[in-house]
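The paragraphs below go through one protein chain, from its strands to its cores and helices. Please keep the sequence and the model in view while reading.

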Amino acid sequence: MSQFITIQVGQCGNQIGSAFWPLTLHEYGIQTTGNVNMLKVQRTHVKHIKDMSEGFSSFFHVPDNADSMHFQNIADLNAAKVKARSVLIDMEDSVVCRFKQGPLRRLFDQTCFVTNYPGSGNNWAIGYHIHCREYRNHLKESIRHMVEKCDRLDGFLLMHSLGGGTGSGLGTATLKLLEDNYPHVERLVTCVYPANMQDVITAPYNTILATRELVEHATCVFPIENKALLDICSAQTNKRENTSEITYNASCKPFQDMNSIIVNMLLHLTSGSRFPGSLNMDMNEVATNLVPYPKLHYIFSSISPVTLAAPNVCNMQETKLQDELFTNAWSRSNQLIKLDPLQRTSVILAAAHIARGNITLTDMKRNVERFQNKVQFTSWSKDCMKIGLCSIPPAGHTSSLLCLLNSSSISLLFEDIVQEFSKLYRKKAYVHHYTQVHGFDETHFDESKECMLDLCERYMEVRRIGETDISRLQVI
């Protein structure tokens with residue numbers, strides 16, 4: 001089975017990581033809470049437990065002297081000295097310190113913590129230039145330490161936000177470091193874009209500078225917006241009629257359910273590389289099938305069913321019609337970014353559907369045809385659709401679906417970034433905080449803006465290709 005290394009950068013990236021590891025263990029049927037029924041819930045729909053346990057090494061390093069892969073609880077993992085394949089980075093150590101406490105503390109290799117104080121000051125330049133320069137060797141050694149424990153490294157999963165300083169600056173600097181040292185390993189970035197109303201006034205600067213680096217150095221980018229996650233959580237809460245579940249939602253930790261949605265997407269994305277299936281989709285096939293042109297690698301993602309999948313509230317879903325599963329995945333309300341990838345003014349450059357559990361090839365074929373008939377594609381992509389069928393369902397469900405779309409409507413995101421940046425930069429507000437950082441030049445702002453505008457123009461060209469109508473040659 002393929003192996004992955006997660007790299008959690010900044011407060012947001014490590015908060016996603018705090019949801020990632022309990023849910024990942026839960027998917028493998030390993031108890032992380034006191035609920036003794038959780039293991040039974042997960043394994044009800046798994047015919048061959050061996051199929052599930054063989055994929056355990058995808059996210060975890062198990063020493064050679066471990067007697068069994070059939071771990072049932074945290075005590076079993078600790079006894080076998082199992083370690084998560086993860087590097088945790090933050091220039092404020094408050095969030096990262098939580099990984100050194102609690103029941104999962106022994107799951108993480110202490111040599112792969114990269115922390116500092118007092119942080120990057122919401123300044124991309126400090127994270128990218130100062131902290132990267134200071135911690136470059138430490139970062140390289142921590143990543144190398146994890147890479148050497150992998151036999152079949154398939155990709156890096158980078159998690160961070162773009163509004164602050166560490167996630168945007170040090171996060172993209174780490175991405176470039178990965179490309180320089182491991183150019184043939186996939187670099188898959190899950191990044192959270194700030195909303196129009198944010199608590200960081202320099203977020204437009206950080207976002208445009210970081211986005212340029214993502215365009216240049218990532219293999220694929222799966223953008224996330226907090227507003228989209230909040231809307232999904234609110235919709236799910238309104239649908240719940242069980243009072244106890246509503247009480248749980250009101251008392252949960254901030255962002256716990258939002259982070260769980262992101263984690264479910266990542267677990268689904270990597271499922272074909274971790275578990276057996278009749279038509280699996282490996283991670284190295286994502287970029288090959290979804291990125292038709294260099295730099296046009298921003299991918300819309302949506303998952304169905306969307307649930308608030310914290311381990312202690314994950315219950316079995318009633319059987320759903322497979323067609324409804326697909327319809328919900330195409331819905332704008334299930335998208336992890338507020339833009340609509342299927343709007344009439346856009347075209348689909350490439351698409352993929354990855355199914356898990358009780359979905360057959362017949363179900364897939366029928367619904368792919370539905371999708372092809374309702375959506376506007378480019379001239380070369382309508383008859384081609386990448387699909388994946390993984391046999392192992394996610395925890396607590398009989399089946400689920402992940403829809404990935406490369407749509408030209410993503411250019412609206414870049415237009416918004418330029419617009420928010422221009423509001424601030426037009427007055428040269430806060431620019432001195434960046435220019436006083438050694439290694440940063442004010443021309444970086446202009447170059448980043450040009451990169452965004454060039455990217456928008458590339459998507460416009462793709463749309464025009466689909467609209468071109470060449471009349472037949474007439475013989476005179």
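Two strands are said to pair if DSSP finds at least two bridges between them. By that rule, strand β10 (residues 348-357) and β11 pair in the parallel sense, over five bridges. Within this pairing, Ile387 of β11 is the bridge partner of His353. The model in which these strands appear is a predicted one.

Both strands belong to an open sheet of four strands, which has the order β9-β12-β10-β11 and mixed pairing. At its edges are β9 (300-304) and β11 (386-390), each of which pairs on one side only. From one strand to the next, the twist averages 10°. Helix α14 (residues 322-330) packs on this sheet and touches β9, β10 and β12 (399-407). The direction of α14 makes about 35° with that of β12.

The chain as a whole has 18 helices and 12 strands. Of its 476 residues, 57% are buried. Among contacts with a separation of 6 or more, 83% are between residues 24 or more positions apart. The chain exposes about 20600 Å², and 49% of that area is supplied by carbon and sulfur atoms.

Strand β1 (residues 3-9) can be followed next. Strands of a sheet pair through backbone hydrogen bonds, either parallel or antiparallel. Six bridges join β1 to strand β6 (residues 153-161), and the two run parallel. Strand β4 (residues 86-90) also runs parallel to β1, joined to it by four bridges. Ile7 has Leu158 as its bridge partner in β6, while Gln8 stands opposite Leu88 in β4.

In a regular strand the side chains alternate between the two faces of the sheet. In β1, Gln3, Ile5, Ile7 and Val9 point one way, and Phe4, Thr6 and Gln8 point the other way. Seven of the seven residues of β1 are buried, so the strand is mostly covered under the cut-off of under 20% relative accessible area.

Ile7 also leads to the largest nonpolar core, which has 84 residues. Ile7 and Tyr298 are the residues with the most contacts inside this core. Helix α6 (residues 124-147) gives the core its largest share, nine residues. The residues that Ile7 touches include Val87, Ile89, Ile143, Phe156 and Met159. A second, separate core has 63 residues, among them Phe20, Met258, Met283 and Leu402.

Met258 is also one of the buried residues of α11. Because 12 of the 14 residues of α11 are buried, this helix is largely enclosed by the rest of the structure. At 1.5 Å a residue, the 14 residues of α11 (residues 256-269) should span 20 Å, which agrees with the 20 Å between its end C-alpha atoms. The same check can be made on helix α16 (residues 411-425), where the 15 residues should span 21 Å and the end C-alpha atoms are 21 Å apart. Buried residues of α16 include Phe414, Ile417, Val418 and Phe421.

What about the loop between α13 (284-290) and β9, where Leu296 has its place? Leu296 is buried, with a relative accessible area of 2%. Its contacts include Leu349, Asn406, Leu455, Arg458 and Tyr459. Leu296 and Leu455 are 159 residues apart along the chain, yet their C-alpha atoms are separated by 7.7 Å.

Definitions and conventions:
Residues numbered from 1 in each chain as written. Predicted model: local features only at pLDDT ≥ 70, side-chain atom pairs only at ≥ 80, totals over all residues. Heavy atoms only, no water. Axes fitted to C-alpha atoms, helices over the stretch in contact; angles between N-to-C directions. Contact = heavy atoms within 4.5 Å. Buried < 20%, exposed > 50% of the residue type's maximum accessible area, 1.4 Å probe, protein only. Areas by Shrake-Rupley, 256 points an atom, 1.4 Å probe, with all protein chains shown as cover. Expected span 1.5 Å × (residues − 1). Core = buried A, V, L, I, M, F, W, Y, C linked by side-chain atoms within 4.5 Å. Lists of a residue's contacts leave out its neighbours within four places in sequence.
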